[in-house]
Amino acid sequence: NMFFGTVVNAARGIAFQVNGIVMQFVNNFQMAVNPQIVKHYAAGETNQMIKLSTVNSKLAAFLLLFILVPLFIELEFVLHIWLGEYPAYAPIFLRIILIQSVVQTMTRPVVMMIHAVGKMKLVNLTAGGALLMILPVSYVLLKLGASPVTVFMVNVIPWFLETFFELMCLKKYIGLSPLAFYKSVYCRVFPIGALMFVLPYTTYYMMSDGWLRFISVGIVSVLSSSLLIYFLGLDKNMRVFVINKIRSILKR
């Protein structure tokens, strides 16, 4: 409001409202796992806690990407159907927030491990300090004449720093390997996430605007994302678990 007024602020409100709806699906999934993370640590099962948290980070990110990809591509169409006329900055704000939400989703199980361990001082000074820097850095950049988009881009970077500081604290407290976490989660989620956009974006550019394209992008996204997550995102044990779960649901 200080720099751009109510129109840009309205675009921000719309972006956060849509993101909140999308995140509800992932939040419910992750909240169901949180008690198990604490239970493992209380029982002295540190390795099981780390394994569960790593799987939780990865699966929650894939679940969010599964929903996010078609929305990300057809965002202008969705906003037009929902609102008719919408503020100019709303699509770019929402796209950046959705990317930030993927990073936050992968971070939440790490935060839960920190809470399970119960040693918060160092984490609050480092990770908390990184997040608090968002406000002064954004203010200075806007004062220098930066675009409102800058605020949202600045918002994303500290979440990567937060994860790094929290992983380093967990390495100190319980011997968790930050490199192993990054290889298992980040190095799996981001490449597969990029591949999940390829076929839906191809469909998007080959068709004209309208309901047919929107439905086609959705169908292509669901099918291609399902195959990529199943064959590239899940290990052998998780694939067996998914198949058994589907069979159980079909039998019921």
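Which residues in α2 meet residues in α8? In this predicted model, the α2 side of the contact consists of Thr-54, Ser-57, Lys-58, Ala-61, Phe-62, Leu-65, Phe-66 and Val-69. Facing them in α8 are Phe-181, Ser-184, Val-185, Arg-188, Val-189, Ile-192, Gly-193 and Met-196. By class, this contact of α2 with α8 has 10 nonpolar, 4 polar and 2 charged residues.

The geometry of this helix pair can now be considered. Two packed helices are described by the angle between their axes and the distance between the axes. For α2 and α8 the angle is about 15°, and the axes are 10 Å apart. Angles under 35 degrees count as roughly parallel, and α2 and α8 are therefore roughly parallel to each other. The crossing in which α2 passes α8 is right-handed.

One member of this contact, Ser-57, merits separate attention. Ser-57 is placed in helix α2. Is Ser-57 buried or exposed? Its relative accessibility is 0%, so Ser-57 counts as buried. Leaving out residues up to four places away in sequence, Ser-57 touches Phe-181 and Val-185, both of which belong to the α8 side of the contact described above. Ser-57 also touches Met-106 and Pro-109. Between the C-alpha atoms of Ser-57 and Leu-176 the separation is 15 Å, although their positions lie 119 residues apart along the chain.

Helix α2 has a further partner in α9, which spans residues 198-206. Here the packing angle is about 20°, and the axes are 10 Å apart. That angle makes α2 roughly parallel to α9. The crossing of α2 and α9 is right-handed. On the α2 side, Val-69, Phe-72 and Ile-73 take part, and they meet Pro-200, Tyr-201 and Tyr-204 in α9. The residues of this contact divide into 6 nonpolar, no polar and no charged. Val-69 of α2 thus appears in the contact with α9 and also in the contact with α8.

Val-69 leads on to helix α10, in which Ser-221 lies. Apart from its neighbours within four places in sequence, Ser-221 is in contact with Val-69, Pro-70, Pro-200 and Ser-226. Two of these residues have already been met: Val-69 in α2 and Pro-200 in α9 are part of the contact between those helices. With a relative accessibility of 1%, Ser-221 counts as buried. The C-alpha atoms of Ser-221 and Phe-93 are 22 Å apart in space, and the two residues are 128 residues apart in sequence.

Helix α10 also contains Leu-212. Is Leu-212 buried or exposed? Its relative accessible area is 62%, and exposed means over 50%, so Leu-212 is exposed. Leu-212 and Val-18 are 194 residues apart along the chain, with 23 Å between their C-alpha atoms.

The next subject is the nonpolar interior. In soluble globular proteins, nonpolar side chains tend to be buried together. The largest nonpolar core of this model has 64 residues, of which Leu-68, Met-113 and Leu-170 touch the most other members. The elements that give two or more residues to this core are α1 (6-42), α2 (46-73), α3 (75-83), α4 (90-117), α5 (121-132), α7 (149-174), α8 (178-196) and α10 (211-233). Which element gives the largest share of this core? That element is α4, which gives 15 residues. Leu-68 touches Leu-98, Val-102 and Phe-197, when residues up to four places away in sequence are not counted.

Helix α4 packs with α7 at an angle of about 20°, and their axes are 9 Å apart. α4 and α7 are therefore roughly parallel to each other. Their crossing is left-handed, whereas α2 passes α8 in a right-handed crossing. The contact of α4 with α7 has 21 nonpolar, 5 polar and 2 charged residues.

A loop residue completes the account. Gly-84 is placed in the loop between α3 and α4. Its relative accessibility is 24%, so Gly-84 counts as partly exposed. The C-alpha atoms of Gly-84 and His-115 are separated by 44 Å, and these residues are 31 residues apart along the chain.

Methods. Residues are numbered from 1 along each chain as its sequence is written. This is a predicted model: local features need pLDDT of at least 70, side-chain atom pairs count only at pLDDT 80 or more; totals for chains, interfaces and linings use all residues. Side-chain values use heavy atoms; hydrogens and water are left out. A nonpolar core is a set of buried Ala, Val, Leu, Ile, Met, Phe, Trp, Tyr and Cys residues joined through side-chain atoms within 4.5 Å. Buried means under 20% relative accessible area, exposed over 50%, partly exposed in between (1.4 Å probe, protein chains only). Helices (H or I, at least four residues) and strands (E, at least two) are DSSP runs, numbered from the N terminus. Contact means heavy atoms within 4.5 Å. Axes are lines fitted to C-alpha atoms, for helices over the stretch in contact, and angles run from 0 to 180 degrees between N-to-C directions. Angles under 35 degrees count as roughly parallel, over 145 as roughly antiparallel, 65 to 115 as roughly perpendicular and the rest as oblique. A crossing is left-handed if the near helix is turned anticlockwise from the far one by less than a right angle, and right-handed if clockwise. Ala, Val, Leu, Ile, Met, Phe, Trp, Tyr, Cys and Pro count as nonpolar, Asp, Glu, Lys and Arg as charged, and the others, Gly among them, as polar.
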